[in-house]
Protein chains: 2
Amino acid sequence: MIKAIDETRIENTRSNGSSNLEILTAAAECFMEQGFHATSIDDVARRLGATKGRIYHYYSSKTDLFFDVHREGMARLFNAVKPAMKGEGDGVTRLGRMLKNHALAMMESLAFETVVVQGVHMHRLGATTPAQRRTLDELMIIRDEFETLFKIVAYEAAEDGSLASRDISITVKTILGAINWLAIWYRPRPDETEVDREILAAKIVETILSGLRRRE
Amino acid sequence: MIKAIDETRIENTRSNGSSNLEILTAAAECFMEQGFHATSIDDVARRLGATKGRIYHYYSSKTDLFFDVHREGMARLFNAVKPAMKGEGDGVTRLGRMLKNHALAMMESLAFETVVVQGVHMHRLGATTPAQRRTLDELMIIRDEFETLFKIVAYEAAEDGSLASRDISITVKTILGAINWLAIWYRPRPDETEVDREILAAKIVETILSGLRRRE
DNA sequence: CAAGTGCATACTACTGAGTATGTTTCTGGG
DNA sequence: CCCAGAAACATACTCAGTAGTATGCACTTG
């Protein structure tokens, strides 16, 4: 799974040409713990055991760094969810697979996905330069596309009769909220294994698919 | 409903003694739009048509102001949800009422509740002074109590057989995530009425209670 | 060995939290 | 009715933190 993510990682080129996963990871962790504005470039550098110079060599601004972390987070979500769209099972079954993979990606790349959640909230924020504004819009388009993946399969599920709901848009937003909320409350335990995460993801998906009320 | 909130509003006294709902509201809106760190005290003052002096007359620091907004947001959630715990219906029915009221409160006090959501995320953040650290811990206790309200009724629902789920803690976190996510995507339309919000809340709750998969 | 690459060091300039100090309006006791 | 004194702000500062820059320096590569 993780190897698959690495192999299919989309290009991460930014302003200065090359990228640097080490920097991205350190930045993601800082942004997760303190948020974008409370994180100084020096904080990220300190976590790297380096200085500003290294970061500004690769990224032209703090905002661009944030954007690239966001980009990486979205890429991982796509890589996790897209393969689950096709395959066997009715619409809701496939939706369940997508949700489970989404949840697992949230846990495995918690720092990046927390930044993604922050980024959504940042939409309104006036990004300073026009170039940054364009990048931000582009990121929001990617986010919409991600949501659309779920809408597509939800429509298919409505047509094959496996989906109960009527209002697809609200339904998708609701269930994605349940998953994304992991960024708020989930913290990995030190001794946690992949299996533990699978179990947690399965429980969450089960709740979403079956609902709270017992079925007869 | 709104009048009821005002009547039962808990005391909002802070450092300097008295409070000021006007300031709290302006601050909540700024924090919602830009986040805590990106919001300057001057921003809040500008929105009030005033200057820093007014704000620092009532609040000893930006952090304390944030805390009081959070407090107000939590108070509104409690006032919305608590009355729905008791009354007729099985456990899941009452849970549904609580969730619906929660969703409505999110929409009606969007700015305050967005700050509450931010506050949860801020938990890890090192609040500077020991006094602020204590206040932050206190706020998190209040949040836990809020979550406990749902757990209590969920346990009752498990006992009366109306609840399908086994893991109460994960179930509650999942469904609260679905509701809280409203803070991210919900934006009131200009011509929106109370009825519109009721319909939206009902759809969300229906999705949570019944689940995605169609029942035979 | 010349030209870049990959950083570190040492600055600058500005923003923004908090403070110190007016200035005006209210309030309550004589 | 008058007038301390407090309450409710506004104005004008200070100063620490931080984004971004300019420059230096080792090390690689063609």
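1. Which elements each supply at least two residues of the surface near DNA strand C? In this predicted model, they are α4 of chain A together with α4 of chain B. The largest share of that surface comes from α4(A), which gives four residues.

2. Around DNA strand C there are 13 residues, and the closest of them are T51(A), R54(A), Y58(A), I41(B) and K52(B). Of the atoms of DNA strand C that come within 4 Å of the protein, 61% belong to sugar and phosphate. By class, the residues of this surface are four nonpolar, six polar and three charged.

3. The polar contacts of chain B with DNA strand C involve both backbone and side-chain atoms, as the following pairs show. A polar backbone atom of T39(B) is 3.3 Å from a phosphate oxygen of the strand, and a backbone N or O atom of I41(B) lies 3.0 Å from a phosphate oxygen. K52(B), by contrast, places an N or O atom of its side chain 2.9 Å from a base oxygen of DNA strand C.

4. DNA strand D likewise has 13 residues around it, of which I41(A), K52(A), T51(B), R54(B) and Y58(B) come nearest. Sugar and phosphate make up 62% of the atoms of DNA strand D that come within 4 Å of the protein. The residues of the surface near this strand divide into four nonpolar, six polar and three charged.

5. Three polar contacts to phosphate oxygens of DNA strand D can be listed individually: a backbone N or O atom of I41(A) lies at 2.9 Å, a polar side-chain atom of T51(B) at 2.9 Å, and a polar side-chain atom of Y58(B) at 2.8 Å. The elements giving two or more residues to the surface near this strand are α4 (52-58) of chain A and α4 (52-58) of chain B, and α4(B) gives the most, with four residues.

6. Away from the DNA description, a helix pair within chain A deserves a separate point. The axes of α6 (residues 91-108) and α8 (residues 130-159) of chain A come within 7 Å and cross at roughly 155°, and α6(A) and α8(A) are therefore roughly antiparallel to each other. The crossing in which α6(A) passes α8(A) is left-handed.

7. On the α6(A) side, this contact is made by G91(A), V92(A), R94(A), L95(A), M98(A), L99(A) and H102(A), while α8(A) contributes F146(A), L149(A), F150(A), V153(A), A154(A), E156(A) and A157(A). Divided by class, the contact of α6(A) with α8(A) has ten nonpolar, two polar and two charged residues.

Notes: Residues numbered from 1 in each chain as written. Chains lettered and ligands numbered in written order. Predicted model: local features only at pLDDT ≥ 70, side-chain atom pairs only at ≥ 80, totals over all residues. Heavy atoms only, no water. Axes fitted to C-alpha atoms, helices over the stretch in contact; angles between N-to-C directions. Parallel < 35°, antiparallel > 145°, perpendicular 65-115°, else oblique. Left-handed = near helix turned anticlockwise from the far one by under 90°. Contact = heavy atoms within 4.5 Å. Nonpolar A, V, L, I, M, F, W, Y, C, P; charged D, E, K, R; others polar. Near = heavy atom within 4 Å. Polar contact = N/O pair within 3.5 Å; in protein donor to acceptor, adjacent residues only side chain to side chain.
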